[in-house]
Amino acid sequence: MTKVFLSLGSNIGDKKAYLESALNKLNQLPKTQVVSISPFYETAAWGKTDQDDFLNLCCELETSLPAQELLVNCQQIEKDLDRVRHEHWGPRTIDIDILLYGDDHINEENLKVPHPYMTERAFVLVPLHDIAPSLDICGKSITSYLKKLNLEEVRKLQS
């Protein structure tokens, strides 16, 4: 089994329901189990900022699916949850990004792992730190990346 970390986000409709549905669907994938889920965080949009705030979380999976097959399944979950790709970094019902796939480095047109922007995004690293505080990313600790980011923009959702 390979340890995989995903980032999930939503900024359209019932954001929490979309995230929970995506987690349920991920847990139903063959040869895959969700083993850890971060708290929910509310964050301002990144990249294209003239849109509603996002609800974000990270999760850890254990899977024996190959990376490309996992990607196809994640994209199918997005489609099943009404994801429409109108514009780059635009609003979406659900976004599922593969952050890390074991220790693999993947540089294919449709999949780059480690995710190329993950260390620049507080909305990714804060929830990721919640479930993997001792994680190393490209030889550096997750806390070293967090120290360089504005963490005030990431607000934990009170349950």
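**Exercise 1. A residue of α3**

Is aspartate 130 buried, partly exposed or exposed? Work it out, then describe the surroundings of this residue in the predicted model.

*Solution.*
Step 1. Start with the location: aspartate 130 belongs to helix α3.
Step 2. Compare its accessibility with the cut-offs. Buried means under 20% and exposed means over 50%. Aspartate 130 has a relative accessibility of 34%, so it counts as partly exposed.
Step 3. List its contacts beyond four places in sequence: Ser38, Pro39 and Tyr41.
Step 4. Add a distance. Isoleucine 37 is 93 residues away from aspartate 130 in sequence, yet their C-alpha atoms are 8.6 Å apart.
Step 5. Set the residue against its helix. Eight of the ten residues of α3 are buried, and the helix is mostly covered. Those buried are Ala122, Phe123, Val124, Leu125, Val126, Pro127, Leu128 and Ile131.

**Exercise 2. The surroundings of β1**

Find out which strands pair with β1, and explain whether β1 is enclosed or open.

*Solution.*
Step 1. Look at β4 on one side of the pairing list: β1 and β4 run antiparallel and are joined by nine bridges. One bridge pair is leucine 8 with leucine 57 of β4.
Step 2. Turn to β5, which pairs with β1 over six bridges, again in the antiparallel sense. Here phenylalanine 5 has leucine 100 as its bridge partner, and leucine 8 has isoleucine 96.
Step 3. Put the two strands together at leucine 8: this residue has a bridge partner in β4, leucine 57, and another in β5, isoleucine 96.
Step 4. Check burial. Seven of the nine residues of β1 are buried, so this strand is largely enclosed by the rest of the structure. For β5 the count is seven of seven, so β5 is likewise largely enclosed.

**Exercise 3. Two nonpolar cores**

Which residues of the largest nonpolar core touch the most other members? Trace the elements that build this core, then look for another one.

*Solution.*
Step 1. Recall a tendency: in soluble globular proteins, nonpolar side chains tend to be buried together.
Step 2. Identify the hubs. The largest nonpolar core has 29 residues, and Leu6, Leu8, Leu26, Leu70 and Ile98 touch the most other members.
Step 3. Assign the elements. At least two core residues come from each of β1, α1 (15-27), β4 (54-63), α2 (67-80), β5 (95-101) and β7.
Step 4. Find the other core: it lies apart from this one and holds 20 residues, among them Phe5, Leu125, Ala132 and Leu146.
Step 5. Zoom in on leucine 6. Beyond four places in sequence, its contacts include Leu26, Leu57, Cys74 and Ile98.
Step 6. Relate the cores to the strand. In a regular strand the side chains alternate between the two faces of the sheet. Here Leu6 and Leu8 are in the largest core, while Phe5 is in the other.

**Exercise 4. Three residues compared**

Describe histidine 115, glutamine 33 and alanine 44 by location, accessibility and contacts beyond four places in sequence.

*Solution.*
Step 1. Histidine 115 sits in the loop between β7 (111-113) and α3 (122-131). Its relative accessibility is 14%, so it counts as buried. It touches Asp97, Ile98, Leu99 and Arg121.
Step 2. Glutamine 33 is part of strand β2 (residues 32-37). A relative accessible area of 44% makes glutamine 33 partly exposed. Its contacts are Asn27, Glu60, Leu61 and Glu62.
Step 3. Alanine 44 lies in the loop between β3 (41-43) and β4. Alanine 44 is partly exposed, at 42%, and is in contact with Asp53 and Glu153.
Step 4. Finish with C-alpha separations. Glutamine 33 and glutamate 153 are 120 residues apart along the chain and 31 Å apart in space. Alanine 44 and arginine 155 are 111 residues apart along the chain and 9.5 Å apart in space.

**Exercise 5. A pocket and its lining**

How many residues line the second largest pocket, and what is their character?

*Solution.*
Step 1. Take the volume: the second largest pocket holds about 190 Å³ of space.
Step 2. Count the lining: there are 13 residues, and Leu100, Gly102, Asp103, Leu135 and Asp136 lie nearest the centre.
Step 3. Name the elements: β1 (2-10) and β8 (136-137) are those that give two or more residues to this lining.
Step 4. Sort by character: six lining residues are nonpolar, three polar and four charged.

How values were computed: Residues numbered from 1 in each chain as written. Predicted model: local features only at pLDDT ≥ 70, side-chain atom pairs only at ≥ 80, totals over all residues. Heavy atoms only, no water. Helix = DSSP H or I, 4+ residues; strand = E, 2+ residues; numbered from the N terminus. Buried < 20%, exposed > 50% of the residue type's maximum accessible area, 1.4 Å probe, protein only. Contact = heavy atoms within 4.5 Å. 1 Å grid on protein atoms, 1.4 Å probe; cavity = no way out; pocket = protein on both sides within 12 Å on 5 of 7 lines; lining within 4 Å. Points joined across faces, edges and corners; volume = space filled by probe spheres on them. Nonpolar A, V, L, I, M, F, W, Y, C, P; charged D, E, K, R; others polar. Core = buried A, V, L, I, M, F, W, Y, C linked by side-chain atoms within 4.5 Å. Pairing = 2+ DSSP bridges.
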